[in-house]
Each structure stands twice: as C-alpha cells, then as structure tokens.
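Reader: I would like to go through this structure by question and answer. Where should we start?

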Amino acid sequence: MAIFSKKRGSRPRRIILKSVYEENLRILGKNPLGPRWKFPYLFKGYFFLSFIVLLVLGNVDYLDSRLFSENKKEIHISTQGENFVPAEYISLINDKKISMKQMFGLGVKTIVIDPGHGGSDPGTSGKLGLKEKDITLDIARRLKKKLLAYGQYKVLLTREDDETVPLNRRTEIAARSKADVFISIHVNYVPSKPINIIETYYFGPSADGDTLELASAENAHSNYSLGEFKEMIEKIGDTLKLQESRRLASFIQDSLYLNIKGQNSSVLDYGIKRAPFVVLLGIDMPGVLTEVSCISNKKEELKLYTTRYREDIAQYLESGILNYLKKGEPVYEASR
Amino acid sequence: MKPADEAENNILYVGIDLGTSRSSISASNNTKECVESYVGWPRDFISARVLGKDILFGSEALGNRLSLDVYRPLERGVIKEGIERNEEAVKELIGHLISLARPPKGQKINAIVGVPADTLKVNKLSIRKAVLGYVHSLMVVSEPFAVAYGLELLNNSMIIDIGAGTVDFCIMHGAMPAEEDQKTILTAGDYIDEQLFSYLSEKYPGSKFTLNMVRQFKEKSSFVGNAGHAIQVELPVEGKLVTHDITNEIKRACESILPAIIDTTASMIARFDPEFQVKIKNNIVVAGGGSRTKGIAEYLHGSFKELFGDCRVSCVEDPLFAGSDGSLKLAMDMPKKYWEQL
C-alpha cells in the first residue's frame, strides 16, 4: 500500500483540517471563516445591487422569487450601459458546471410524482399480465411516503388511484401546486430483445427512431389543443429548466442503474436522453420521465410482482432525487 | 499520540465509527473497543429482573433477544427514521461506546464521528444531536475520508469502504474530498445477507434458519472468486441437524454487490485527468467489514485490470478500527481553536 508520508503540520494537512472544520460549521448553518469567493465586498455589493436594479427595470427576462416562473426563457443581462453587469458575473450565471439552483440557493419544496398511465390506459403489460399502470402507481405511492418522511417536502401524486388522467391534467396539477420538481414514472417494453434496460429522459429533440417511437406511445392521451401546444413550444428555449432537468435525470439514472445492477448484473444502462415527451414539455419546472424497469423481460416482470423489488425501486428513486437536491455532479449522456 | 493541549486541558479525544452492523471507538487514552450495533431493553418487569440490567448492547443484547425489545438503530449508516426508539437507541449506543473508553468523571471529550459519504445534512444533524449529550465538542466526517486520513492516504488514492448498510467511495487528491469525490451505494453487507437468505431458502426449503444465522455464515465464510474448499453448515431440518453445502450460495451472494462497486469505481476514476487516473488506480484501498471477504482484493484487481489496465488494490489491515482510528487521528490533529467553535 502506498503511504504518503506528510508532516503533521504540512500545508495540505492544514488545509484539510480547516476544510473539515468549515464543513462542520456549514452543517450547523454557520458561516465558515472567510468568504468562499474572494471578491472585494464593495464589488460584491455592486454586483448584487446591479442585479436587483436589473430585475426592477425589467432588463432580466425572468428569475422571480419562486424557483420557476411562468414566463421564462433564457437569461439576458445587459453588458452595456449604466446597468452593466461585469462579464465574469454573466459567465458565473451561465456556468454549466454549477446549477442555478446551487448558485442562488434556490430551495425545493414541492415534488410532484406522476405515476404513468392509469384507468383506461394500462400502458404496457408483461407476458404474465402485470400492467404498467399498476406498477407505476405502487412505486409512486412508496416514493411519496419516503419523501414525506423527511418532513421537508410537499409531495403530490398526479393520480392517487387507478384512474384515467390525461397528460394535460397531469401538467396542470404540477403547475397549480407550484411544483419545483416533476418525476414521471414509467416501465419500458422492448419486445424485440430479452433485455432489461433502465433509462431516464428529459425534454429535448431526439433523432433516435426508438426514442421517438417511445415518446409517441407515451404522448398518447395528451388532450392538449393545438393552441396550448404552440404556447408550450415557445418555452423550449428554457435554459434553466433544461439544465436542471438534465441534472435531475442524471442523478435518478445513476441511482437506479447502479443499485439495480447490484441485484441483477445483466441490467443495461441506457443512460439519460432527450426526448419530446409532452408531459415534460408541458411543465415549467425541472422534470424527468424515468423508465425504471422493463416489463417485456419475464424475469423482470416476476421481480416486479414482489413488494420488495418495488420498494427497492422507490428507494433508488428517492436516493436519486435527494442526491439531486443536495449537490451537483457532472452528467453523462448515453446513446441507445 | 498525545497532543500538547490534551495534557494542558485534560481533553480526551475519541474517534467513533458509527456502523450499521458494528460500531467502534478509538480514544487518545489508548483504548479501542468495538460493539455490534444492537441495543435492547427488557420487555417487561420479569425480563428486567432476570437480566438484571436496564439496557443491553451488542452481542449480549442479541443473545438475550427473546427477553428484549432489540433495535438495530442504524440503517444504511444513518438513524432509521420513523421510530423514536431508534434515536434513543443510537444515543444509548454512543453513550455505551464512550463509557467503554473509560473517561474519568467530568472529563472533557472532543469527538469525531464517521458517517456514510452521502449522508444528508439532516442525518448529520440527528447524529450530532445523539452524540452531543456525551461530548464537549463534536465534528462529523465521511467514513471513507476518516479511513484515508488514518492511513495517511491524503493524495491520489481511493478508498472503498464496504460496510453493512452502505458502500462508500472516496477519492483523495491532496485536499478535503468534495461532494463529487465521494459516493455511497446501498447494496452492501446487509444486501448480501438478504440474498444469501433467499438463496438458502430456495435451495433448502425444509430447513429452518434466521437472517441472523445467515449473517454469521457470511461473516465466517465470505469469499469471492474461488473458495478453495467446500463451505458446510449445519441447519435444523424437522428438528434434526443436517449438514448442507452452501459454497455456491455464499459465492453468489458475496459477488452480487461487486458489479455496482466496479462500475462506481470506474466512473469516479474516469472523471479525473488521465495523469491522475494512473496514480489513483494504483492506490485503491478496500476498507470496512467487506474487506475481510476472502479474495476481494484479487477479484476487484482482476475486474479493474480488465476495465482500465494495471492497478493496485489492497485491503486495510484492521477493518474493525480503520474508521475510528482515522477519526481519532483527525481529532488529535485538529487545532484547538476549531474545537472551540463547535
């Protein structure tokens, strides 16, 4: 074993000790010694003052007090004139490595869980007769219970029972509850191959034929009018939603795949992908559609019959959501 | 191991590894103790009289479980939610661990507690709440980081801490590991127990055994790769003890957690520059109870070698105390001014 001998008082060790101390101060909600960004106070003050002025004058297209507002596109901040904001701050705001949620400490309060299909729309069915609508509802209920146990989140389901709920009604529920995060739970079906795959989608264009076919199947029963759909299309350029959705998808996929792989080494990671799911387009908050299992695989269907496995899946979703809520990590995108 | 201010201020430093299955304490007065993370209260007046104690811990609690309400209060390395008694059990367990370090009455104690890498702030706060009643000042650190610190693996190394509730990963690169340098997955020792239980139930439906018995089989005979010899246990069938061969079941169960460990390790290392990847992959250390699994270092080495070429994988020498020793070392190195603020 390679041992790196360092003197007790060496600089890296001192830095590590200080970091442990500062981390513990943060746990207690206290400010660590010294600012993390070493900008002069005057400069920082100027930035925040400019930011407030810009908000008031309407030079910022969106970013209201709630996490995600109704009319938001990309952030445009003036780089010229009297309300100019230094370029480094613009790059800070648009930094893809740090999410807006992290940067501005935006909180999450309401989580909407969408159990896919229901009622007259059973979704897919396995060879033994298990229906997608029943699995998604069961997992969603379990996930809700787990998240409520933290006492920090309001958690809503788009359907509480085996009922038909069109996609536009689901997005309405999310909008009305001022949801901050939206998770749609589905189960995959790949009849051509005896495989088990896990994949998670966020809204975006896709050129992949299989993905488009899946989106078309999931978009049935949307009930949107053409006018409503046009309105939604205008929101496509929403950078914040896209960035956060991608991040959320990454955390959920990572948690589901790595944990399920522990139980079944043959499960395949199809990664996170963009797809034009209407239910994800219609919402104004970060949202993902996750295919948590593959019911066309008979072994997987047998496992889905067990309470234990559905509880496990709910737990892995919980872990992915909580990981997203508490930190940021680089994301990866797999191709089919 | 005696910092200057210990003598001056008569402070006892302790490092605690609060584990789902076992918890250990290492103290600056050279005591080291380990206890299974079970807490039991007598069920009624009669059990209290028979046992002669108000509360029992570890193997003693497990051995008398029929007369006790037994709690294993940690789940995946954090306090189980929903049952108030679990919080009380954690408090009692910590009090018991500290008493095992034999501090004189009124002794000032500064403690560092190791928790799983991905523990949420709210869980860290509940662990703080449980410990604070017994100590003067307290810090919480991630368990694999404590192990790395104790082994002086401060730079270009990776710790894989395989516990009962979680497998924790931590990459050290000369600074305090950031959140993205640490990861926790939940398929760990307890998952192996459940798998083994289900394999044995399937293979020997007529036999009677408990999860606790299965855990003991695993702890005695766990291996991955080649067992080298047949593993046999005696299980009761219709009241008679019958010898069963469980070699394949132990192998399947122990190896069931490895794919996720291998994938996570590879994905964490892959995020670094190639130059650092080489250094890190040559310094992978397996810790925690899982490091006692026979053949684990060789198995992981073989899998990593296939994925990213030559590498070095080793296991810690003392998995029971690697975490608490690391926390103790950290506690003793920590400047006094920092302790005063916490």
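Author: We start with a cut-off: a residue is buried if 20 or more other C-beta atoms lie within 10 Å of its own, exposed if 12 or fewer, and partly exposed in between. The model is predicted.

Reader: Is Ile127(B) buried or exposed?

Author: Ile127(B) belongs to helix H5 of chain B, residues 121–132. The cut-off for burial is 20 or more other C-beta atoms within 10 Å. Ile127(B) has 25 C-beta neighbours inside 10 Å, so Ile127(B) counts as buried.

Reader: How many Å apart in space are Ile127(B) and Lys91(B), C-alpha to C-alpha?

Author: In sequence, 36 residues separate Ile127(B) and Lys91(B). In space, their C-alpha to C-alpha distance is 8.6 Å.

Reader: Which residue of helix H5 of chain B, Ile127(B), touches which residue that is among those with the most contacts inside the largest nonpolar core?

Author: The largest nonpolar core has 158 residues, and those with the most contacts inside it are Val14(B), Ala111(B), Val113(B) and Ala148(B). Leaving out residues up to four places away in sequence, one of these touches Ile16(B), Leu18(B), Ile127(B), Val131(B), Leu138(B), Val140(B) and Ser327(B). That residue is Val113(B).

Reader: Which helix gives the most to this core?

Author: The core in question is the largest nonpolar one, with 158 residues. Its leading contributor lies in chain A and supplies eight residues. It is helix H9 of chain A, residues 239–263.

Reader: Why is strand E3 of chain A largely enclosed by the rest of the structure?

Author: Val181(A), Ile183(A), Ile185(A) and Val187(A) point one way from E3(A), and all are buried. Phe182(A), Ser184(A), His186(A) and Asn188(A) point the other way and are buried too. Strand E3 of chain A is largely enclosed because the buried residues among its eight number eight.

Reader: Which strand pairs with E3(A) over six bridges?

Author: E3(A) is joined to strand E1 of chain A, residues 110–115, by five bridges, and the two run parallel. In that pairing, Asp114(A) has Ser184(A) as its bridge partner. Ile183(A) instead stands opposite Val288(A). The strand that pairs with E3(A) over six bridges, also in the parallel sense, is E6 of chain A, residues 287–294.

Reader: In chain B, which residue of E6(B) stands opposite Trp41(B)?

Author: An open sheet of three strands in chain B has the order E5-E4-E6, with antiparallel pairing. Its edge strands, E5 (56–57) and E6 (68–71), each pair on one side only. Strand E4, residues 39–42, pairs with E6(B) over four bridges. Opposite Trp41(B) stands Asp69(B).

Reader: Which residue in the loop between helix H6 and E3 of chain A has a positive phi although it is not a glycine?

Author: That loop lies between helix H6 (167–176) and E3 of chain A. The phi value is about 50°. With 15 other C-beta atoms within 10 Å, the residue is partly exposed. It is Lys178(A).

Reader: What is the phi of Glu152(B)?

Author: Glu152(B) sits in the loop between helix H6 (143–150) and strand E11 (155–162) of chain B. It has 18 other C-beta atoms within 10 Å, so Glu152(B) is partly exposed. Although it is not a glycine, its phi is positive, at about 60°.

Reader: What share of chain B do buried residues make up?

Author: Chain B comes to 14 helices and 17 strands. Of its contacts with a separation of 6 or more, 69% are between residues 24 or more positions apart. Among its 342 residues, the buried share is 51%.

Terms used
Residues are numbered from 1 along each chain as its sequence is written. Chains are lettered from A and ligands numbered from 1 in the order in which they are written. This is a predicted model: local features need pLDDT of at least 70, side-chain atom pairs count only at pLDDT 80 or more; totals for chains, interfaces and linings use all residues. Two strands pair if DSSP finds at least two bridges between them. A nonpolar core is a set of buried Ala, Val, Leu, Ile, Met, Phe, Trp, Tyr and Cys residues joined through C-beta atoms within 7 Å. Two residues are in contact if their C-beta atoms, placed from the backbone, lie within 7 Å.
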